[in-house]
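Dear colleague,

I am passing on a structure that you have not worked with before, and below it I have set out what was found among its charged side chains. Please look through the sequence and the structure before reading on.

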Amino acid sequence: MTSGPFGGDLMAGPPPTLLPADPADAELAGGEAPAAVVRRHPESPAAWAAMAAEAQQAGADDVTVYAYSRVGYHRSLDQLRRNGWKGHGPVPWEHEPNRGFLRSLALLAIAARAIGETAEWERCSTFLRDSSPAAADDLL
C-alpha cells in the first residue's frame, strides 16, 4: 500500500457508490404496473428499467426499449452524481438500490446492439462491467 502526505491508499480507486433506497422498488415488488410507478416516480431509475424490461418482454420494438432504458440511464446519472459518484468507480450490484441504474444500463446496451448502434453497445457494456462485474454477468 502506498501512502501519501494526506494518508490513505493512493492506489485504491474511488469508494463504491451506494444509492439511497428508491421508493419505486417497493411498489414494483408489490406488483404495481411499471407505467403507474413511473407516473408517481418519474425520477426513478428502477421504474424506467421496469418499463424497458416490460416492453422488451412484451416484444416491443427495440427502439421503444432503447428509449425507456435511456431515460432510466440518465435519471441514474443524476442520482449517482448527487450521491458522490465522480464519473467512475464501483456501483455494486449487491446493494439493492443500485440495481435500477445497473438494469437501465444493461437494457440500454442490449437495445443499442439490437438497433445496430455498436459503439453504444460497446460503451454501455464496458461501463456496466466497470461499474459492477456481477451485474454484467447477471444482465448481459
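**Salt bridges**

A search of the whole structure finds 6 salt bridges, a salt bridge being a side-chain nitrogen of Lys or Arg within 4 Å of a carboxyl oxygen of Asp or Glu. This is a predicted model, in which local features need pLDDT of at least 70 and side-chain atom pairs count only at pLDDT 80 or more, while totals for chains, interfaces and linings use all residues. Residues are numbered from 1 along each chain as its sequence is written, and side-chain values use heavy atoms, with hydrogens and water left out.

One of the bridges joins R40 to E32, with 3.1 Å from N to O, and these two residues are linked with E27 in a network of salt bridges. R40 is partly exposed at 44% relative accessible area, and E32 is likewise partly exposed, at 37% (buried means under 20% relative accessible area, exposed over 50%, and partly exposed in between, with a 1.4 Å probe and protein chains only).

Another bridge pairs R123 with E120, again at 3.1 Å from N to O; both residues lie in helix α6 (residues 118–131), 3 residues apart, which is about one turn of the helix. Helices here are DSSP runs of H or I with at least four residues, numbered from the N terminus. Within this pair, R123 is partly exposed at 36%, whereas E120 is buried at 8%.

Finally, R99 forms a salt bridge with E96, their closest N and O atoms being 3.5 Å apart, and R99 is buried, with a relative accessible area of 16%.

With best wishes

Definitions and conventions
Helix = DSSP H or I, 4+ residues; strand = E, 2+ residues; numbered from the N terminus.
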